[in-house]
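Please read the briefing that follows with the sequence and the model side by side. It takes up charged pairs, strands and enclosed spaces in turn.

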Amino acid sequence: MEEKTNVCQQQQEEVVLIVGAGPSGLAVAACLAERAVPSLILERDDCTGPLWRNRSYDRVCLHLAKQYCSLPHMPHSDTTPTYIPKSEFISYLDSYAERFHLKIRFGRRVESAWYDQKSGRWIVKARSGDVLEEYIGRFLVVAAGENDQKFVPDVNGLDSFKGVVIHSSEYRTAAAFQGKDVLVVGSGNSGMEIAYDLFEAGARCSIVVRSTVHIVTKEIWLFAMRLMKYLPMSIVDNIVLFLCYLRFGNTAKYGLRRPDIGPMYMKCCTPVYPVVDVGTYDRIKTEEIQVLPSLTSIEGSMVTFSNGKTHHYDAIIFATGYRSTIRQWLETDDGLIGKDGMAKNNYPDHWKGQNGLYCAGLNRRGLYGSSEDGLTIADDISTAYNLSTHANGVKSVEKYKSV
């Protein structure tokens with residue numbers, strides 16, 4: 001196997017380096033462009049919004065209404081559906097990058113980033129094919145996202161499984177699973193929606209639900225988002241739970257126990273999001289989609305669960321989420337990034353570190369958080385950049401006068 005070269009190609013210094021061309025990185029770059037601050041985005045994949053374009057299933061739509069899913073300075077049009085489909089949101093991201101003339105270098109996998117005290121600059125090394133490139137920036141924005149590296153749990157006997165095993169990031173449609181017995185592991189939004197997609201395509205589907213889960217409807221959640229402008233979170237949660245009881249009844253009867261904390265509190269203060277139901281719950285009630293506890297072992301095509309029961313499956317889809325890899329390459333963060341690769345500090349004090357380091361979209365507040373981070377970070381960088389430029393200009397004038 002041919003080894004990768006370690007020869008570095010020196011790159012021109014940039015004012016702001018941004019890692020990641022997802023919504024968060026694009027938002028920061030566009031806000032900087034509006035303030036005439038130059039920036040360069042380094043993106044591992046070959047496109048903007050790679051999570052949406054390369055690692056999401058075909059039927060997915062944004063679960064929040066469009067007014068909560070636009071990026072700064074470019075709201076969605078009146079003709080855009082309230083809940084935006086995948087293809088339309090991808091087109092929006094492409095149009096966004098084009099409108100603000102964002103400078104992006106695709107196919108750049110960042111391998112290291114550190115702050116050089118002597119020069120007062122960030123040194124970023126990124127691999128492009130067989131070449132290791134070096135970038136230098138006055139400011140560094142980490143916008144690589146929370147959904148970076150797929151996570152599959154270690155299950156005893158998984159290697160012996162005779163059927164198809166994929167992660168939800170590899171799932172597109174249910175066409176190949178028609179008439180088959182499929183187990184979905186994970187009861188978040190992806191797991192629940194994939195289970196429904198499989199049911200509609202004629203698969204016999206089961207879903208593993210290990211933890212407690214809040215189920216809401218799109219309409220209830222949109223109402224909750226609006227209420228948050230006027231009412232305390234605790235009151236909003238009580239209203240949401242009442243409306244959910246009217247719609248769903250006692251979900252625990254069907255293996256879906258609700259957490260002790262409210263759904264809005266969960267969204268804002270934990271890594272877990274409420275599940276926005278797309279029709280899965282009604283199929284669970286009729287037992288057309290089976291709810292099962294955690295799996296304990298696999299042998300051949302047989303899967304054993306914590307209740308002692310064993311079932312045959314033709315395929316297993318792990319909707320078990322992702323892990324951030326930021327801490328693998330960010331060598332200097334001074335406490336900005338936590339052990340999980342997310343912002344260490346809580347909102348609203350999560351976005352700024354030391355020496356010109358920032359993070360965007362790492363506080364689990366979705367696209368709305370990405371938009372807000374973009375505006376806040378760009379304002380801060382613009383102020384520091386303009387002060388620095390002005391100071392350098394004054395020094396140049398004084399030097400000229402002394403000659």
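At 5% relative accessibility, E193 counts as buried, because buried means under 20% relative accessible area, whereas exposed means over 50% and partly exposed in between, with a 1.4 Å probe and protein chains only. E193 is the salt-bridge partner of R59, and the closest N and O atoms of the two are 3.6 Å apart. This is a predicted model, in which local features need pLDDT of at least 70 and side-chain atom pairs count only at pLDDT 80 or more, while totals for chains, interfaces and linings use all residues. Residues are numbered from 1 along each chain as its sequence is written, and side-chain values use heavy atoms, with hydrogens and water left out.

**Salt bridges**

- A salt bridge here is a side-chain nitrogen of Lys or Arg within 4 Å of a carboxyl oxygen of Asp or Glu, and a search of the whole structure finds 21 of them.
- Side chains of opposite charge can pair when their charged atoms come close.
- R59 and E193 form a salt bridge, and this pair links distant parts of the chain, with R59 in the loop between α2 and α3, E193 in helix α4 (residues 189–200), and their positions 134 residues apart in numbering.
- With a relative accessible area of 27%, R59 is partly exposed, whereas its partner E193 is buried at 5%.
- Helices (H or I, at least four residues) and strands (E, at least two) are DSSP runs, numbered from the N terminus.
- D94 forms a salt bridge with R53, the closest N and O atoms being 2.8 Å apart; the pair links distant parts of the chain, since D94 belongs to helix α3 (residues 86–99) and R53 to helix α2 (residues 50–54), 41 residues apart.
- Both partners of that pair count as partly exposed, D94 at 33% relative accessibility and R53 at 27%.
- R204 and D181 meet through their side chains in a salt bridge of 2.9 Å, N to O, and this contact links strand β11, which holds R204, to strand β10, which holds D181, 23 residues apart.
- R204 is partly exposed, with a relative accessible area of 44%, while D181 counts as buried at 19% relative accessibility.
- Salt bridges that share partners also join R44, D45, R55 and D148 into one network.

**The sheet of 5 strands**

- Two strands pair if DSSP finds at least two bridges between them, and an open sheet of 5 strands has the order β9-β18-β10-β11-β14, with parallel pairing.
- The edge strands of this sheet are β9 (164–167) and β14 (289–292), each of which pairs on one side only.
- From one strand to the next, the twist of this sheet averages 20°, where axes are lines fitted to C-alpha atoms and angles run from 0 to 180 degrees between N-to-C directions.
- Strand β10 (residues 181–185) and strand β11 (residues 204–208) pair in the parallel sense over 5 bridges, and L183 stands opposite S206 in β11.

**The sheet of 3 strands**

- A further open sheet is formed by 3 strands in the order β15-β16-β17, and its pairing is antiparallel.
- β15 (295–299) and β17 (310–312) stand at the edges with a single partner strand each, so one side of each is left without a neighbour in the sheet.
- The twist of this antiparallel sheet averages 25° from one strand to the next.
- β15 and strand β16 (residues 302–305) pair in the antiparallel sense over 4 bridges, and the bridge partner of E299 in β16 is M302.

**Cavity and pocket**

- On a 1 Å grid over the protein atoms alone, a cavity is a set of points where a 1.4 Å probe fits but cannot get out, and a pocket is an open set with protein on both sides within 12 Å along at least five of seven lines; lining residues have an atom within 4 Å of a point.
- A search of the whole structure finds 1 cavity of 30 Å³ or more, and the largest cavity has a volume of about 30 Å³, a volume being the space filled by probe spheres set on the grid points.
- Residues lining the largest cavity include M192, L256, D277 and Y281, and helix α8 (residues 280–285) gives the most to this lining, with 3 residues.
- The second largest pocket has a volume of about 670 Å³ and is lined by 24 residues, of which K267, C268, Y347, N363 and R365 lie nearest its centre.
- Helix α7 (residues 263–269) supplies the largest share of this pocket's lining, 4 residues.
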